[in-house]
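Open your viewer and get ready to select a few things. Below you will find the structure for our short tour, and we will go stop by stop.

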Amino acid sequence: MSWDEEPEQSAGGDTERVFAALPPARGRGFAHSWWGVGWQRAVEDSALEGAVMAAGRRTARAGAVGAVSVRPGRLTAVVRDRDGTGRRADVTLRRLSADEWRRLLAVVAGEAGHLAALLDREMPPHLVADAAAAGVDLLPGIGDLEPECECGEWDHCVHTAALCYQAARLLDEDPWVLLLLRGRDEETLLREVRAASAPAREAEPAAREPAGVPAAERYAARAALGGDPPLPAAPPPVERTGTPPSLVPCETGEVDPAALEFLAADAADRARVLLALALRPGHAGQPVPAGYGVWEDAVRLAAAGPPEPVAVRLARGCRRSVAELRLAVRAWRAGGGAGIAVLEDPPGAAPPEALAQLAGAWADEVAGRPRLRASGTHWTVVGEGAQLRYGADGRWWPFRRESGRWAPAGAPAGDPATALLTAREAVAGDRG
């Protein structure tokens with residue numbers, strides 16, 4: 001297929017995928033993965049009617065969206081009203097043009113990390129930002145999501161809004177859904193990625209300077225050099241931030257097979273990521289990234305879903321309870337190390353920018369303005385089990401009250417109103 005052609009719709013429907021209806025999303029954040037949260041934020045940022053979108057989100061959380069068909073440029077599902085009536089809802093998204101796909105492939109072919117991830121059938125999060133820099137928007141913007149619904153509304157209704165939100169959960173399952181919506185199924189795109197990267201790989205040796213002296217020449221000249229030259233100075237040591245919590249051997253002194261298998265899989269996964277990063281242009285000039293502390297690394301490992309005995313040992317190795325580890329895992333999934341910091345760091349002085357955002361968040365909603373009790377960078381809603389926290393990263397983090405302690409309620413947001421909506425929906429889900 002040439003770049004000037006759109007992907008063909010095969011008779012067998014190869015470019016359509018159908019996802020089964022998902023259960024209600026109660027008591028937790030709506031989307032969890034980087035791609036799901038990114039889609040959800042894009043939907044919310046591009047929405048023109050906040051009340052309709054909020055109602056659609058509640059409908060999607062309640063499990064009222066049926067099986068979703070995903071095709072190039074279109075989402076389709078039947079959404080049930082409270083009385084059980086089903087309405088067919090469609091949401092269309094513009095397919096990328098041939099020129100946009102060409103530019104996107106150029107970005108992928110020129111970025112070794114993107115290339116390695118896509119060829120391994122993974123979607124690198126930085127692809128969205130790098131594509132945008134090349135003038136290609138993958139996530140939807142204002143006016144990009146066009147609604148069509150049997151209920152007769154000319155603009156977005158509860159049904160199409162629910163379908164938009166449900167797409168975030170589909171991206172949690174498989175981020176390739178986004179590229180299918182934009183016009184390329186996975187197999188077609190991977191084939192084009194390989195074709196686009198082949199010329200670059202062929203031209204690469206000629207474009208590079210020799211990396212050093214060939215080994216054969218070096219050994220042949222050994223006698224003339226009078227022996228081996230001195231070795232170069234060792235590179236500066238990398239500061240160690242701690243050692244990972246002990247998993248092997250177990251308390252009996254024997255190797256724990258489950259723990260060993262889990263650590264080996266984690267090491268292989270991290271090695272693959274580090275290799276992809278090492279292949280990126282300019283990697284040699286980048287500073288060494290900061291490592292994880294013992295607690296953060298234990299949480300990172302636990303977030304990967306090890307067997308329960310392994311998770312218990314991770315908690316014990318850090319002198320923490322299993323409940324503390326589970327809470328930290330939720331914070332990690334919501335925002336990595338920043339999420340753990342917001343969960344565990346004591347509230348500091350509220351910066352002026354946070355106070356300004358709070359002052360303007362509900363300026364036009366006098367009746368709907370929440371009553372907030374402030375404690376530094378924490379604001380608790382009076383009479384509710386919901387709380388807002390302002391992080392050092394400038395984002396607002398939703399929390400809810402659980403068993404006498406505050407727990408993360410979902411992904412952070414750029415404004416307090418959105419974060420509070422997430423927290424309140426999590427509280428409502430617990431009550432439901």
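Start by selecting Trp 35, Gly 36, Trp 39, Gln 40, Val 43 and Glu 44 in helix 1, and then add their partners in helix 6: Cys 164, Tyr 165, Ala 167, Ala 168, Leu 171 and Asp 172. Sorted by class, this contact has eight nonpolar, two polar and two charged residues. Keep in mind that you are looking at a predicted model.

Now show both helices in full, residues 34–46 for helix 1 and residues 158–173 for helix 6. Their axes are 7 Å apart and meet at an angle of about 165 degrees. Because angles over 145 degrees count this way, helix 1 is roughly antiparallel to helix 6. Their crossing is right-handed.

Next, select Cys 149, Cys 151 and Cys 157. How many disulfides does a search of the whole structure find? The search finds zero. For Cys 149, the nearest cysteine sulfur belongs to Cys 151, 3.6 Å away. For Cys 157, the nearest cysteine sulfur is also that of Cys 151, at 3.6 Å. A disulfide needs sulfur atoms within 2.5 Å, so Cys 149 is in no disulfide. Cys 149 is buried, with a relative accessible area of 16%, and Cys 157 is buried too, at 6%.

For the last stop, select helix 12 (residues 294–303) and helix 14 (residues 322–344). They pack at about 120 degrees, with axes 9 Å apart, and the crossing is left-handed. Among the contact residues, look for Trp 295 and Arg 300 of helix 12 and Trp 332 and Gly 337 of helix 14. This contact includes ten nonpolar, one polar and five charged residues.

Note on methods
Residues are numbered from 1 along each chain as its sequence is written. This is a predicted model: local features need pLDDT of at least 70, side-chain atom pairs count only at pLDDT 80 or more; totals for chains, interfaces and linings use all residues. Side-chain values use heavy atoms; hydrogens and water are left out. Axes are lines fitted to C-alpha atoms, for helices over the stretch in contact, and angles run from 0 to 180 degrees between N-to-C directions. Helices (H or I, at least four residues) and strands (E, at least two) are DSSP runs, numbered from the N terminus. A crossing is left-handed if the near helix is turned anticlockwise from the far one by less than a right angle, and right-handed if clockwise. Contact means heavy atoms within 4.5 Å. Ala, Val, Leu, Ile, Met, Phe, Trp, Tyr, Cys and Pro count as nonpolar, Asp, Glu, Lys and Arg as charged, and the others, Gly among them, as polar. Angles under 35 degrees count as roughly parallel, over 145 as roughly antiparallel, 65 to 115 as roughly perpendicular and the rest as oblique. Buried means under 20% relative accessible area, exposed over 50%, partly exposed in between (1.4 Å probe, protein chains only).
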